[in-house]
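Please walk me through this structure. Start with the strands, then move to the core, the helices and the ligand shell.

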Amino acid sequence: MSLPFLSKDNLVVGVDIGSHAVKICQLKRTDKGYSVLAIGSTVLPEGAVDDGTLIEPEIVSKAISDLLSNLKIKSKKVGFSISGYSVIVKKINLAMMDDDKLEEHITTEAEQYIPFDIEDVYLDFQALKGETENPDRIEVMLVAAKKEVVDDYLNMLEGLGLQPVLVDVDGFALENTYEHSYPDNMNVALVDIGASKMNINILSNGLSVVARDIVVGSRQLTEQIQATLDIEYDEAESLKLGQNPPGEHQQQIEEIFSSTCTQWVLEIKKAIDLYQANNPDSPLSKLVLSGGGSKIVGLTDFLEKETGLEVELFNPFATMQYNSKKIDTEYLNSIGPEMAIASGIAIRPSVI
Ligand SMILES: Nc1ncnc2c1ncn2[C@@H]1O[C@H](COP(=O)(O)OP(=O)(O)OP(=O)(O)O)[C@@H](O)[C@H]1O
Ligand SMILES: [Mg+2]
């Protein structure tokens with residue numbers, strides 16, 4: 001997508017509110033693509049956000065406000081994204097109809113496609129052009145998001161004097177930033193492993209064909225270390241990250257890593273197998289890994305061995321410009337994988 005008329009003010013500030021950390025990213029459009037204006041992350045206390053839901057809005061709000069002020073971001077237009085049980089994304093196949101009819105059909109018939117009461121959700125949809133071979137049918141991407149969950153985010157952000165102008169979905173944001181970074185490489189598996197969930201999005205010719213959120217993530221490792229060694233959560237997190245030496249517990253910790261990563265890889269393989277069964281003529285070219293969980297030492301090699309695919313750690317900023325006097329190169333590269341979703345939101349124009 002090329003939108004050369006957009007200036008800096010037309011891009012939203014991307015706010016990714018994860019269960020482990022809030023990530024913020026501000027980009028600017030340039031002649032060559034994008035440049036990074038500001039990026040940052042702040043860890044949230046355990047339990048402040050759970051399964052995509054705001055549990056402690058005041059704490060999250062303070063974290064966002066401190067981060068925005070540390071990053072000196074003045075723009076009020078923000079976008080955020082949702083995930084978890086509160087959002088359903090579904091592709092439906094319908095008889096061809098014009099846009100007005102489609103809107104009417106979706107609003108009156110949505111209940112048959114989603115497991116929520118229609119009064120309780122915000123609905124959105126997009127016709128997927130060129131998706132079906134049959135000219136009498138269209139594929140439509142339907143998104144339904146629980147009002148109470150979205151409203152909590154909106155209220156929290158508005159309470160900070162911000163203008164939330166865009167609500168994205170984690171999987172779409174991931175796809176968005178990937179498409180910008182690798183416009184030519186379109187048969188790929190995108191896998192984001194966060195603290196509490198893993199998002200798998202497989203693209204065939206640039207279109208999402210397998211998309212799922214699975215409730216596994218790097219927090220599992222911390223919780224298992226905590227329970228096995230009977231220690232505090234923060235201590236377990238430090239052991240997991242290698243900030244404290246494992247000492248006599250090295251073997252136990254290694255076993256936890258090995259069994260958990262094996263479980264993740266099985267889930268990834270299931271999605272890849274489903275893709276390959278339905279698309280035997282379009283083999284995947286690689287697996288692109290993001291999220292904090294992707295940084296686990298040895299995970300890329302393990303995944304390569306198990307899936308037979310080339311595995312790459314995703315850095316959404318690799319193709320972007322930045323001012324190295326303001327943003328440290330090492331920081332930019334090391335935080336890249338965790339910033340995949342925030343950068344995907346930050347690419348969106350606020351004019352939508
Ligand atoms: N080197 C590392 N090894 C293992 N885990 C790591 C490493 N670095 C970060 N993590 C873990 O990654 C997680 C944070 O990643 P991320 O910021 O993507 O999660 P999140 O977006 O807050 O969570 P979610 O999207 O699941 O709600 C934490 O559990 C953190 O401990
Ligand atoms: Mg996340």
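Strand 1 (residues 13-17) and strand 2 (residues 21-30) run antiparallel, joined by four bridges. One pair to look at is Ile17, whose bridge partner in strand 2 is Val22. The model is a predicted one.

Both strands belong to a wider sheet. Six strands make up this open sheet, in the order 10-6-1-2-3-16, with mixed pairing. Its edges are strand 10 (163-169) and strand 16 (321-322), each of which pairs on one side only. Strands of a sheet pair through backbone hydrogen bonds, either parallel or antiparallel.

Now pick out Ile24, which lies in strand 2. Is Ile24 buried or exposed? The cut-off for buried is 20 or more other C-beta atoms within 10 Å. Ile24 has 26, so it is buried. Leaving out residues up to four places away in sequence, Ile24 touches Val13, Gly14 and Val15, among others. Its contacts also include Ile39, Gly40, Leu67, Leu68, Leu71 and Ala342. Sequence distance says little here about Met339: Ile24 and Met339 are 315 residues apart along the chain. Their C-alpha atoms are separated by 7.9 Å.

Next comes a run of antiparallel strands. Strand 11 (residues 188-193) is joined to strand 12 by six bridges, and the two run antiparallel. Ala189 stands opposite Ile202 in strand 12. A hairpin of four residues links strand 11 to strand 12. On to strand 13 (residues 207-214): seven bridges join it to strand 12, again antiparallel. Strand 12 and strand 13 form a hairpin too, with two residues between them. Asn205 sits in that turn and has a positive phi of about 50 degrees. Beside the turn, Ser204 has Leu207 of strand 13 as its bridge partner. Leu203 is partnered by Ser208, also in strand 13.

How enclosed is strand 12? Six of the seven residues of strand 12 (residues 198-204) are buried, so the rest of the structure largely encloses it.

Turn to the nonpolar core. In soluble globular proteins, nonpolar side chains tend to be buried together. The largest nonpolar core here has 69 residues. Val15, Val191 and Ala346 have the most contacts inside it. Setting aside neighbours within four places in sequence, Val191 is in contact with Met198, Ile200, Ile268, Leu287 and Leu289. Another core lies apart from this one. It has six residues, among them Ile225, Ala236, Ile253 and Ile256.

Ala236 leads to helix 6 (residues 233-240), where Ala236, Glu237, Leu239 and Lys240 are buried. Why do these buried residues line one face of the helix? Seen down the axis of helix 6, they fall within an arc of 160 degrees, so they share one face. An α-helix has 3.6 residues a turn, so residues three or four places apart point the same way. The buried residues of helix 6 pack against helix 5 (218-229) and helix 7 (250-278).

Look at both ends of helix 6. Ahead of it, Asp230 lies in the loop between helix 5 and helix 6. Asp230 is not a glycine, yet its phi is positive, about 55 degrees. It has 7 C-beta neighbours inside 10 Å and counts as exposed. After helix 6 comes Gly242, with a positive phi near 75 degrees.

Lys72 is another non-glycine with a positive phi, about 55 degrees. It is found in the loop between helix 1 (57-70) and strand 6 (77-82). With 10 other C-beta atoms within 10 Å, Lys72 is exposed.

Finally, the ligand. Which residues come nearest to ligand 1? Of the 20 residues around it, Gly18, Ser19, His20, Gly194 and Gly292 do. The shell holds four nonpolar, 10 polar and six charged residues. Helix 5 and helix 6 each supply at least two residues of the shell.

Compare one site with Gly292. Asp151 has its place in helix 3 (residues 147-159). It counts as exposed, with 12 C-beta neighbours inside 10 Å. Asp151 and Gly292 are 141 residues apart in sequence. In space they are 27 Å apart, C-alpha to C-alpha.

Conventions: Residues are numbered from 1 along each chain as its sequence is written. Chains are lettered from A and ligands numbered from 1 in the order in which they are written. This is a predicted model: local features need pLDDT of at least 70, side-chain atom pairs count only at pLDDT 80 or more; totals for chains, interfaces and linings use all residues. The arc is that of the directions from the helix axis to the C-beta atoms. Two residues are in contact if their C-beta atoms, placed from the backbone, lie within 7 Å. A residue is near a molecule or strand if its C-beta atom, placed from the backbone, lies within 6 Å of it. Ala, Val, Leu, Ile, Met, Phe, Trp, Tyr, Cys and Pro count as nonpolar, Asp, Glu, Lys and Arg as charged, and the others, Gly among them, as polar. A nonpolar core is a set of buried Ala, Val, Leu, Ile, Met, Phe, Trp, Tyr and Cys residues joined through C-beta atoms within 7 Å. Two strands pair if DSSP finds at least two bridges between them.
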